[in-house]
Amino acid sequence: MINIHNWTANEDDPRDYLRKPFELEGRLVATNGSAIISTELKGAKLPNAQEHIAKTLKKYFKQLQNSELTKVDLHQCETGEFALERDCKECDGEGELTFENAFNDYEVECKSCRGDGKNLETNKYVVICGLHFSLEFVDLLYYLNNLKVVALEDKLGFEADEGSGFVMSIRKVTEA
Ligand SMILES: [Zn+2]
């Protein structure tokens with residue numbers, strides 16, 4: 001059993017159409033934009049996929065169907081750490097903070113990011129089929145049975161008992 005909500009975008013993601021699963025060609029599809037799974041619909045009534053997503057995903061799944069997949073043991077894959085640039089949480093990526101009281105308005109440089117608006121976070125990566133993936137998304141694959149994978153350009157295609165789908169690779173890996 002998979003928890004489909006682990007595959008959808010979370011509540012604070014601006015792409016509200018990714019926060020819930022949708023239907024694509026008679027299957028249930030869930031994605032957070034970086035990992036995608038297509039699984040049995042099991043009678044659920046879901047909205048149809050947005051047109052632009054449907055178009056891309058149909059292309060992806062066709063590519064997967066025409067590929068030869070091989071078994072993989074994720075526990076044997078090379079791992080490492082990479083630096084990831086994220087918007088600063090204190091200032092929301094603005095680089096400065098504003099305060100006001102009864103006397104004045106204040107604008108100050110954010111101390112967390114020194115005014116850059118960005119912070120470097122350390123994340124783990126996993127190497128599969130020669131591509132680098134964020135462990136955050138590969139984590140979802142550890143729960144699948146009879147996992148088989150294939151590298152498809154910048155993404156990993158997979159098939160398992162629970163469903164099939166993709167994980168997007170990290171394009172540029174900066175070692176932490
Ligand atoms: Zn900041």
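Where is the place of Cys91 in the protein chain? Cys91 sits in the loop between S5 and strand S6 (96-100), and the tour returns to this loop after a look at the whole chain. The model is a predicted one, in which local features need pLDDT of at least 70 and side-chain atom pairs count only at pLDDT 80 or more, while totals for chains, interfaces and linings use all residues. Residues are numbered from 1 along each chain as its sequence is written.

**The whole chain**

Begin with the protein chain in full, whose C-alpha atoms fill a box of roughly 65 × 40 × 25 Å along the principal axes. Its radius of gyration is 20 Å, whereas a compact globule of 176 residues would have one near 16 Å; the radius is taken over C-alpha atoms, and the globule rule is 2.2 Å times the number of residues to the power 0.38. The chain holds two helices and twelve strands, and from the N terminus on the elements run β-β-β-α-β-β-β-β-β-β-α-β-β-β. Helices (H or I, at least four residues) and strands (E, at least two) are DSSP runs, numbered from the N terminus.

Next, colour the two domains, with 4-72 + 129-168 as domain 1 and 79-121 as domain 2; these bounds come from an automatic or database domain assignment. The C-alpha centres of domain 1 and domain 2 lie 33 Å apart.

**The seven-stranded sheet**

Select S1, S2, S3, S12, S11, S10 and S4, which in that order form an open sheet with antiparallel pairing. Strand S1 (22-24) and strand S4 (70-71) are at the edges with a single partner strand each, so one side of each is left without a neighbour in the sheet. Two strands are taken to pair if DSSP finds at least two bridges between them.

At one edge, S1 pairs with strand S2 (residues 27-31) in the antiparallel sense over three bridges, and Leu24 has Arg27 in S2 as its bridge partner. Move on to strand S12 (residues 163-168), where five of the six residues are buried; a residue is buried if 20 or more other C-beta atoms lie within 10 Å of its own, exposed if 12 or fewer, and partly exposed in between, with C-beta atoms placed from the backbone. Four bridges link S12 to strand S3 (residues 35-40) in the antiparallel sense, with Val167 in S12 as the bridge partner of Ala35. Strand S11 (residues 155-160) is joined to S12 by six bridges, again antiparallel, and S11 and S12 form a hairpin with two residues between them. Within this pair, Glu159 has Ser164 in S12 as its bridge partner.

**The core around Val167**

Keep Val167 selected and show its surroundings. Not counting residues up to four places away in sequence, Val167 touches Ser34, Ala35, Phe133, Phe137, Val138, Leu141, Lys155 and Leu156, where contact is a C-beta distance within 7 Å, the C-beta atoms being placed from the backbone. Val167 is also, with Val29, Phe133 and Leu156, one of the residues that touch the most other members of the largest nonpolar core, a set of 24 residues. Such a core is made of buried Ala, Val, Leu, Ile, Met, Phe, Trp, Tyr and Cys residues joined through C-beta atoms within 7 Å. Across the protein chain, buried residues make up 23% of the 176 residues.

**The three-stranded sheet**

Now select S5, S8 and S9, which in that order form an open sheet with antiparallel pairing. S5 and strand S9 (131-134) are the edge strands, each pairing on one side only, and neighbouring strands of this sheet are turned by 45° against each other on average, direction ignored. Nine bridges join S5 to strand S8 (residues 118-128); along S8, Lys118 stands opposite Asp87 and Asn123 stands opposite Phe82. The number of buried residues among the nine of strand S5 (residues 79-87) is zero, so this strand lies largely in the open.

**Back to Cys91**

Is Cys91 buried or exposed? With 21 C-beta neighbours inside 10 Å, Cys91 counts as buried. Beyond its neighbours within four places in sequence, Cys91 is in contact with Glu96, Leu97, Cys110, Ser112, Cys113 and Gly117. As a last step, draw a line from Cys91 to Leu135, which are 44 residues apart in sequence and 27 Å apart in space, C-alpha to C-alpha.

How values were computed. Axes fitted to C-alpha atoms, helices over the stretch in contact; angles between N-to-C directions. Contact = placed C-beta atoms within 7 Å.
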